[in-house]
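Please open the structure in your viewer and keep the selection tool at hand. The tour proceeds one selection at a time.

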Amino acid sequence: MTMLGFLTPQTRNVKVFIQVFIPTTRHICSSVNCQSEEYVRKFILENTEIAGQQSLTPQVKLRLFTPNCRFWRERPELWPFEDPYWAIYWPGGQALSRFLLDNPAVCQGKTVLDLGSGCGASAIAAKLSGAAHVVANDIDTVAAVATHMNCELNGLPPPVCLTNNMIGSQPEGFDLILLGDMFYDEALATSLHSWLDRCIKTHGTKVLIGDPGRAQFEEHSIRRLLHQLAEFELPKSVREENYGLTCSSVWCYRPEL
């Protein structure tokens with residue numbers, strides 16, 4: 001069965017999709033530390049394709065999984081790393097990146113954290129929009145390598161890439177926190193809710209969230225604290241790869257609501 005074959009209406013939860021795609025990866029290699037960065041770069045080069053033209057941000061080039069890639073159809077147990085969230089340009093991240101590119105004043109001169117950064121698209125959009133300092137945080141160390149490579153593709157110096165779990169940590173003084181497609185799990189959404197409150201109360205941080213309207217997001221209590229800033233119609237190819245979701249929105253988190 002191809003990777004595309006796993007994209008069925010029954011796998012609406014992003015976490016479920018990844019677990020179905022690669023059910024046995026975790027015992028093979030827990031982090032990029034198992035391999036040199038040179039090996040990881042070579043692996044990404046050989047097993048991804050430069051894409052993004054059919055996304056909401058066609059000007060941003062990204063190395064992603066496409067039907068032309070080996071692991072779209074390869075046996076899952078041969079995948080040597082953690083679950084490859086970074087290899088998909090998720091619709092919430094697309095909306096968030098599009099919003100930043102359309103509204104550069106949101107990040108211009110600001111210190112920005114892209115939390116759960118994946119392929120690094122929102123971090124790239126923040127840098128293109130004039131952010132003074134950008135940090136990309138993803139607990140998958142392969143994602144950090146992919147982010148560096150994607151920045152190079154777009155002629156940008158890479159952001160600072162951190163691979164520790166920042167959720168629940170002592171809030172740092174970021175002006176803006178970006179979260180694309182992070183509300184796919186109720187427990188994660190709840191921990192994010194608490195931590196974001198602390199960041200806002202401690203530093204007055206602005207929080208922007210990109211999500212295409214997944215059930216876990218729409219039904220969580222945080223939803224009533226959000227103000228919609230923009231909605232984007234997803235391109236046809238993105239709709240087909242995301243179970244028929246038609247739009248993706250950007251929200252501002254306002255706990256005072």
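The model shown here is predicted. Begin with the surroundings of helix 4: select strand 2 (62-64), helix 3 (91-102), strand 3 (111-115), strand 4 (133-137), helix 5 (141-153) and strand 6 (176-180), which are among the elements that cover the buried residues of helix 4.

Next, select helix 4 itself, residues 121-128. How many of its 8 residues are buried? The helix is mostly covered, with 6 of the 8 buried. These are Ala 121, Ser 122, Ala 123, Ile 124, Ala 125 and Ala 126. After the helix comes Gly 130, which has a positive phi, near 95 degrees.

Now select Leu 100. Beyond its neighbours within four places in sequence, Leu 100 is in contact with Val 106, Cys 107, Ser 122, Ala 125, Ala 126, Ser 129, Leu 178 and Leu 208.

Leu 100 also leads to the largest nonpolar core, which has 35 residues; Leu 62, Phe 99, Leu 100, Val 112 and Leu 208 touch the most other members. At least two residues of this core come from each of strand 2, helix 3, helix 4, strand 4, strand 6, strand 8 (226-233) and strand 9 (247-253). Another core, of 26 residues, lies apart from it and includes Val 135, Met 166, Val 207 and Ile 222.

Finally, turn to two cysteines. Is Cys 199 buried or exposed? Cys 199 counts as buried because its relative accessibility is 2%, under the 20% cut-off. Cys 247, by contrast, is partly exposed, at a relative accessible area of 24%. A disulfide joins the sulfur atoms of two cysteines by a covalent bond. The count of disulfides in this model is 0.

How values were computed
Residues are numbered from 1 along each chain as its sequence is written. This is a predicted model: local features need pLDDT of at least 70, side-chain atom pairs count only at pLDDT 80 or more; totals for chains, interfaces and linings use all residues. Side-chain values use heavy atoms; hydrogens and water are left out. Buried means under 20% relative accessible area, exposed over 50%, partly exposed in between (1.4 Å probe, protein chains only). Helices (H or I, at least four residues) and strands (E, at least two) are DSSP runs, numbered from the N terminus. Contact means heavy atoms within 4.5 Å. A disulfide is a pair of cysteine sulfur atoms within 2.5 Å. A nonpolar core is a set of buried Ala, Val, Leu, Ile, Met, Phe, Trp, Tyr and Cys residues joined through side-chain atoms within 4.5 Å.
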